[in-house]
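Reader: I'd like a close look at one strand in this protein. Could you walk me through what sits around it?

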Amino acid sequence: MAQSARPSRPRVAVTRTLPDAVEARMAELFDAVLNPDDAPRDRAALAAAMADADVFVPTVTDRIDAALIAAAPDRLRLIANYGAGVGHIDLKAARERGIVVTNTPGVLTEDTADMAMALILAVPRRLVEGDKLVRAGQWTGWHPTGMRGHRIGGKKLGILGMGRIGQAVAQRARAFGLQIHYHNRHRIPDVAEAQLGATFHADLDAMLEAVDILTIHTPHTGATGGLIDARRLDLLGPNGWLINTARGEIVDPEALVAALRGKRIAGAGLDVYVGEPAVDPRLMAFDNVVLLPHLGSATFEGRDAMGLRVIANIRSWVDGHRPPDQILDGWL
């Protein structure tokens, strides 16, 4: 579709219920088709929504695969994702159809970093175990050997993915006395390394062998799916903790269960899962695992900001400009 053919008031199909202020603004600016009951759409409903839209606004709960994209009409020119991760969208298929894909980076950085830091504290210090003990009426009072966890000050934190969120986690972790190590596709500037006191590892395996806690902040792509497998969990070792607030698919789920069962890692803090909202019931048997319901971006401020970022991307596209958050080929 030529830029001049872009509708001034595009039909925008939204798959889930968004914050009130966001939906009100969308209704003002666009011919918005909303989802008032917030029920996740099945495949047929996703296809129907895409078939009657110029712009499609999915979320992480919607799998937009190559077949859905191939069946979309020519009028669909923009997929404006509500969320930073785009692993649920077939980017290659979208590119081949000439469909622009955008996301909402940056606005979730602080919220997700806070959640990661909360898990970095909660798992070694056994906070959730302690809460359960009190609620069950089984706490018998303070005693010298009761509910001992591990001090995090002085431990080595390995950050997989040193983008906005990874660096925000490093800032928080340094304040708690953690030593910062990281693995990234590209080394960050020297001045940023110095500010964070961060040590770069070009080799992921070498970093895993060096650290006590691994926290994941890399996107889910073809290269990162199953990146943390059985061999790499063994490199983390029986005294190492795994924290994942990125995407469940980055960690091999069978390998994780086996490592926990065999006590080959010390514990895990998870906010994301393969096949959400389903959670592997085997994980619930481990006291040394903290399980959260994908809370990384769940703040009033963050969710509003995500919606406003979606609107900004749509408006930029309508005006004939490249949206500020367009996903480029580097994600493929």
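Author: Let's look at strand S9 and its neighbours. First, a bit of housekeeping: this is a predicted model, where local features need pLDDT of at least 70, side-chain atom pairs count only at pLDDT 80 or more, and totals for chains, interfaces and linings use all residues. Residues are numbered from 1 along each chain as its sequence is written, and side-chain values use heavy atoms, with hydrogens and water left out.

S9 covers residues 213-216. Strands here are DSSP runs of E with at least two residues, helices are runs of H or I with at least four, and both are numbered from the N terminus. In a regular strand, side chains alternate between the two faces of the sheet. Here, Ile213 and Thr215 point one way, while Leu214 and Ile216 point the other way, and all are buried (under 20% relative accessible area; over 50% is exposed and in between is partly exposed, with a 1.4 Å probe and protein chains only).

Now for the neighbours. Two strands pair if DSSP finds at least two bridges between them. S6 (residues 156-160) runs parallel to S9, joined by four bridges, and Gly158 has Leu214 as its bridge partner. S10 (residues 241-244) is also parallel to S9, again with four bridges; there, Leu214 stands opposite Leu242.

How does the chain link S9 and S10? Together with helix H10 (residues 230-236), they make a right-handed β-α-β unit. Right-handed means that, with the strands pointing away from you, the path from the first strand over the helix to the second runs clockwise.
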